[in-house]
Amino acid sequence: MKEKYLKDTGGKDMYSEKIGIIGGFGAYAGLDFYKRLLECFSTGNERDYPHVIMDNNFTMPSRTRALLYDECVDEIVKDIADSVRLMLSNEVDKIVLVCGTAHYFLEQVYELLPEAREHIVDIIDCLGERLQKEGITECFVIAAEGALKKELYKKRLKEYGVKCIVPEEDEYGQIRCFIEAVKRHSLEEDTVAQFLSFLKKYDCHHIVLGCTEFPVLVDYIKNIRKKELEPYFFYDPLEEVIINLKRDLR
C-alpha cells in the first residue's frame with residue numbers, strides 16, 4: 001500500500017502543516033484511516049511524521065437516523081462544528097471527517113464556521129476527482145442508508161460526470177449489518193459470504209466504498225478470500241484523501 005502512495009505522490013518528508021482527524025463516527029474506521037495515514041507518511045524516522053491531532057466524539061447522535069428521521073440534526077451539526085472549532089483553535093491546516101455521511105451536514109457547519117471551508121478536506125470531492133481522472137462514468141455506491149436515501153453520492157458525483165448505481169432499498173438492512181459488524185469489531189466468515197453474494201447481484205465492477213467502515217471489511221476479505229474480489233475495482237474516498245495529503249501537505 002505504501003508503494004501505491006509513493007507512486008502517486010512522489011514522497012516528501014518534514015511537514016510543518018498539521019492534519020486533524022475528526023473521528024467518533026466509527027472507532028475502527030477511524031483507527032484504520034490513522035493506520036493508513038501513518039503507512040503513507042512513513043520514512044523510517046518517526047520525527048518525520050506530520051503533526052496529527054485526533055478528536056473522537058463517540059457521543060455524537062446517529063447521522064443515519066438524522067437523515068432518515070430528522071433526529072438530532074442540530075446537535076450533530078453542533079458536535080461536528082465543535083470538533084472543527086477545536087482543530088482550528090490548534091491551527092490545524094487539513095481537517096478530515098472520517099465519515100462519508102457526515103459530509104451531508106457540511107454546508108450547515110460552514111454556516112456556523114465559514115473559515116472551516118478552506119481547511120476541511122472533502123472526501124467526496126477527492127473521490128470525484130479520482131473517478132474523473134480515470135474516466136469512470138458509472139459506479140456502484142455502497143454507503144449508509146441515510147446517505148443513500150438522501151442521494152448524497154449520486155448528487156455529488158454527478159458533478160464529476162459519474163452516474164451512480166445504488167442498492168435497492170430492501171437491501172438497506174443488510175448494508176446496516178455489514179457496517180455494524182465492523183463497528184462491533186465482529187467480522188466473521190458469514191459476513192464475508194453475505195458481502196460477496198451482495199456484490200454479485202449488481203452488474204458493475206467499479207465500486208465506491210461510500211461508508212468508511214467498508215474499506216475495513218474489504219481489507220479483511222482480501223486477507224482470507226482475495227481471489228473472489230479480483231473482478232472488482234474498489235474506490236475508497238479516504239484513500240484518495242491520504243494520497244492528496246501526501247501530495248499537498250507542506
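The following legends describe views of a predicted model of one protein chain.

**Basis of the views.** Residues are numbered from 1 along each chain as its sequence is written, and side-chain values use heavy atoms, without hydrogens and water. In this predicted model, local features need pLDDT of at least 70 and side-chain atom pairs count only at pLDDT 80 or more, whereas totals for chains, interfaces and linings use all residues.

**View 1. The overall fold of the protein chain.** Twelve helices and seven strands make up the secondary structure (DSSP runs, with helices being H or I of at least four residues and strands E of at least two, numbered from the N terminus). The C-alpha atoms occupy a box of roughly 45 × 40 × 35 Å along the principal axes. Of the 250 residues, 52% are buried (under 20% relative accessible area, with a 1.4 Å probe and protein chains only).

**View 2. The largest nonpolar core.** A nonpolar core is a set of buried Ala, Val, Leu, Ile, Met, Phe, Trp, Tyr and Cys residues joined through side-chain atoms within 4.5 Å. This one has 62 residues, of which Leu 131, Tyr 153, Leu 157, Phe 195, Phe 198 and Phe 214 touch the most other members. Helix α9 (residues 172-183) provides the largest share of this core, six residues.

**View 3. The surroundings of Phe 195.** Leaving aside residues up to four places away in sequence, Phe 195 touches Ile 142, Phe 178, Phe 214, Leu 217, Val 218 and Ile 221 (heavy atoms within 4.5 Å).

**View 4. Another nonpolar core.** Apart from the largest core lies another of 25 residues, including Phe 25, Leu 97, Ala 102 and Leu 106.

Technical notes. Buried means under 20% relative accessible area, exposed over 50%, partly exposed in between (1.4 Å probe, protein chains only).
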